[in-house]
Amino acid sequence: MYDEDSSLLFVRWQDNNTVTMVSNYDTLEPMKRVKRWSSIAKQRLEIPQPNVFQNYNRSMGGVDLHDQAVSNYRVSIRSKKWWWVLFTNMLNMTMVNAWRLYQLASNESIALLDFQRVIVRHYMACYEKSTYRCKPVGELPMTVIRSEGGHFPNKLDKQLRCVQCHQRVRWSCSKCKVTLCIERDCFKDYHS
């Protein structure tokens with residue numbers, strides 16, 4: 001449908017889902033052919049696609065790719081609170097941003113779902129009901145543990161379990177972020 005008063009073109013096209021687009025620049029013609037999987041025919045079929053969708057897909061940029069990645073593995077927990085949708089959307093956007101930054105910083109290609117699984121497993125290990133203290137998912141590298149500087153005991157507000165002897169203590173290493181005893185030499189043994 002074309003609105004002559006506002007010079008807007010309204011197009012609705014049935015892909016895997018119904019897609020609606022409004023444009024003041026593009027046209028329907030020329031129609032291009034794209035291949036899509038047909039579950040009825042059990043094969044890939046060529047179907048016509050309006051020109052406006054072709055141009056959009058060709059010049060799709062960062063915001064569109066970000067929105068697409070957010071919608072892939074969206075956290076969806078139903079709630080009656082009005083703000084819950086905003087909160088979960090913020091979590092989804094933060095996860096996608098962290099995944100993208102990780103890819104840029106490490107030059108490593110990891111799928112978004114695998115990245116999310118690593119993050120979730122880490123937080124599940126952090127907040128077990130028994131200790132409420134973050135346990136390292138993997139051992140810290142020995143170069144960090146045995147490095148010379150920065151390993152100082154910090155006094156904690158509440159008692160937590162020592163990672164060496166599992167007794168209740170109020171001390172942790174400022175660099176390694178693990179709870180350790182000073183009285184039983186766990187602090188010294190862990191770092192040597």
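**Entry 1: Thr27**

I start with a cut-off: a residue counts as buried under 20% relative accessible area, as exposed over 50%, and as partly exposed in between. I keep in mind that this is a predicted model. I looked up Thr27 and found a relative accessible area of 41%, so Thr27 is partly exposed. Thr27 sits in the loop between E3 and E4. What does Thr27 touch, not counting residues up to four places away in sequence? I get Leu9, Asn51 and Val52. I then checked the C-alpha to C-alpha distance from Thr27 to Val52: these two are 25 residues apart in sequence and 5.9 Å apart in space.

**Entry 2: the whole chain**

Next I stepped back to the chain as a whole. I count six helices and seven strands in its secondary structure. Reading along the sequence, I noted the pattern β-β-β-β-β-α-α-α-α-α-β-β-α. The chain has 192 residues, and 24% of them are buried. I also looked at contacts with a separation of 6 or more: 27% of those in the chain are between residues 24 or more positions apart.

**Entry 3: the E2–E3 hairpin**

I went to strand E2, residues 8-14, and strand E3, residues 18-23. The two pair in the antiparallel sense, and I find six bridges between them. Three residues separate E2 from E3 in this hairpin. Which residue of E3 is the bridge partner of Arg12? It is Thr20.

I then sorted the side chains of E2 by face. Leu9, Val11 and Trp13 make up the covered face of E2, while Leu8, Phe10, Arg12 and Gln14 are on the uncovered one. My reminder to myself: side chains in a regular strand alternate between the two faces of the sheet. Leu9, from the covered face, had already turned up among the contacts of Thr27.

**Entry 4: the E4–E5 hairpin**

Strand E4 covers residues 32-38, and I find that E4 pairs with E5 in the antiparallel sense over seven bridges. I looked for the residue in E5 that stands opposite Ser38, and it is Gln43. Four residues lie between E4 and E5 in this hairpin. For the backbone angles, I noted that Lys42 in the turn has a positive phi of about 60°.

**Entry 5: Gln49**

Is Gln49 buried or exposed? I get a relative accessible area of 2%, so Gln49 is buried. Gln49 belongs to strand E5, which spans residues 43-49. Leaving aside neighbours within four places in sequence, I list Trp13, Met31, Lys32, Val34, Arg36, Gln54 and Asn57 as its contacts. One of these, Trp13, is on the covered face of E2.

**Entry 6: the largest pocket**

I turned to empty space. The largest pocket comes to a volume of about 470 Å³. I find 16 residues lining it, and the closest to its centre are Asp15, Val19, Tyr56, Asn57 and Gln68. E3, helix H1 (51-58) and helix H2 (62-72) are the elements that give two or more residues to this lining. H2 gives the most, with four residues. Sorting the lining by class, I get six nonpolar, six polar and four charged residues. Why does the largest pocket lie between two domains? Both domain 1 (2-59) and domain 2 (62-132) give residues to its lining. Asn57, already on my list of contacts for Gln49, is among the residues closest to the pocket centre.

**Entry 7: the largest cavity**

Finally I searched the whole structure for cavities of 30 Å³ or more and found one. The largest cavity has a volume of about 30 Å³. Which residues line the largest cavity? I find Ala69, Val70, Tyr73, Asn92, Val96, Leu112 and Gln116. H2, helix H3 (84-106) and helix H4 (112-126) each supply at least two residues of that lining. By class, I count five nonpolar, two polar and no charged residues in the lining of the largest cavity. H2 therefore goes into my notes twice, as a contributor to the lining of the largest pocket and to that of the largest cavity.

Definitions and conventions. Residues are numbered from 1 along each chain as its sequence is written. This is a predicted model: local features need pLDDT of at least 70, side-chain atom pairs count only at pLDDT 80 or more; totals for chains, interfaces and linings use all residues. Side-chain values use heavy atoms; hydrogens and water are left out. Two strands pair if DSSP finds at least two bridges between them. On a 1 Å grid over the protein atoms alone, a cavity is a set of points where a 1.4 Å probe fits but cannot get out, and a pocket is an open set with protein on both sides within 12 Å along at least five of seven lines; lining residues have an atom within 4 Å of a point. Grid points are joined across faces, edges and corners, and a volume is the space filled by probe spheres set on the points. Ala, Val, Leu, Ile, Met, Phe, Trp, Tyr, Cys and Pro count as nonpolar, Asp, Glu, Lys and Arg as charged, and the others, Gly among them, as polar. Domain bounds come from an automatic or database domain assignment. Buried means under 20% relative accessible area, exposed over 50%, partly exposed in between (1.4 Å probe, protein chains only). Contact means heavy atoms within 4.5 Å.
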